[in-house]
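Visitor: I would like to know how the terms used for a model are justified. Could we take them one by one?

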Amino acid sequence: MQLSDSSSRILAGLLEARTGQQLTMSRRWRIETALSALLRERGIGTLDELITILVMGKEPSLSQEVVEALLNNETYFFRDRAPFDLLARYALPELLQRRAKSSRVRIWSAGCSTGQEVYSLAMLFADEPEQWRGWTIDILGSDVSTHCIDRARLGSYSQFEVQRGLGINQMIKWFEETSDGWRAAEALRRPIRFQVHNLLEPFPHPGDFDIVLCRNVLLYLSPEKKALAFDRLAGAMAEDGWLMLGAGETVIGQSSKLGADIKARGLYRLTGDGTRIEKRAADRRAASGA
Ligand SMILES: C[S@@+](CC[C@H](N)C(=O)[O-])C[C@H]1O[C@@H](n2cnc3c(N)ncnc32)[C@H](O)[C@@H]1O
């Protein structure tokens with residue numbers, strides 16, 4: 001399959017316009033591999049033929065399929081492990097105290113791909129039933145990819161996927177064997193909901209979340225789009241909430257609303273510039289008695 005420069009520019013432009021993700025020249029080799037299955041399924045001979053169909057606008061759903069195929073959905077259970085240890089050791093014990101009155105914890109995994117991050121979070125709570133007895137735990141997973149969210153909702157993983165990051169005990173405890181893999185057990189799925197959401201769009205739950213994870217999602221956004229995404233994430237955090245990013249990612253120098261938590265490396269909090277958001281969130285909490 002030969003990809004001309006103008007075709008690769010059009011495809012990269014479509015991806016960036018829809019999701020903010022930039023495909024730099026050095027990463028454009030991915031295009032051909034990423035789209036080969038879609039071309040086969042649709043019976044389209046070449047990438048240039050695909051571009052012609054896209055440009056003519058005859059098949060509106062095709063452009064969404066192209067964008068989804070170009071996204072990097074790499075994920076696995078308890079990815080990088082240390083962030084989950086940090087949540088279990090530091091953030092969750094803090095929330096047990098701070099939210100004792102409302103007995104409610106809300107977490108948002110933004111850019112959750114096929115759901116492994118979300119089910120990993122659910123296991124942090126499910127593995128400590130005594131500690132969380134009587135609490136309401138809400139875990140929201142969102143992604144711009146409809147295909148990913150459909151898969152995440154299903155909670156079904158192949159043998160290969162389930163073994164990436166999960167120990168045998170966790171696998172047997174929280175997943176049920178099916179004819180073609182493993183499915184998250186009902187008890188694990190209960191606190192979880194999923195929705196399709198683009199991080200660059202306004203988010204409908206201001207100030208709600210005690211912990212927001214946005215890991216390995218914003219790496220390839222332009223500085224402007226990254227700043228916009230950080231604004232959206234900050235707007236969704238409770239006044240005393242945390243943001244967690246992926247390894248090697250930071251808000252420093254990229255958002256005036258967020259700063260490092262000096263007590264826990266790897267977690268970020270709202271800064272003074274987030275005061276308006278903090279105030280609104282505090283008012284909401286006071287009104288709801290939380
Ligand atoms: C590399 S995966 C990371 C998944 C998970 N957070 C992890 O660290 O394992 C990045 C995910 O971000 C999603 N994504 C990319 N741009 C997005 C956007 N603008 N809004 C929401 N999700 C986005 C992709 O579809 C993909 O599933």
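Visitor: What makes Leu-199 a polar contact of the ligand?

Guide: A polar backbone atom of Leu-199 lies 2.9 Å from a nitrogen atom of the ligand. A polar contact is a pair of N or O atoms within 3.5 Å, so this pair qualifies. Before we go on: this is a predicted model, where local features need pLDDT of at least 70, side-chain atom pairs count only at pLDDT 80 or more, and totals for chains, interfaces and linings use all residues. Residues are numbered from 1 along each chain as its sequence is written, and side-chain values use heavy atoms, without hydrogens and water.

Visitor: What does Asn-216 offer the ligand?

Guide: An N or O atom in the Asn-216 side chain is 2.8 Å from a ligand oxygen atom. The protein buries 98% of the 600 Å² that the ligand exposes when taken alone (Shrake-Rupley accessible areas, 1.4 Å probe).

Visitor: Which residues come nearest to the ligand?

Guide: Thr-75, Gly-111, Asp-143, Leu-199 and Asn-216 do, of the 19 residues around the ligand; "near" asks for a heavy atom within 4 Å.

Visitor: Why is the largest pocket said to lie between domains?

Guide: Domain 1 (5-70) and domain 2 (82-288) both give residues to its lining, so the largest pocket lies between them; the bounds come from an automatic or database domain assignment.

Note on methods: Polar contact = N/O pair within 3.5 Å; in protein donor to acceptor, adjacent residues only side chain to side chain.
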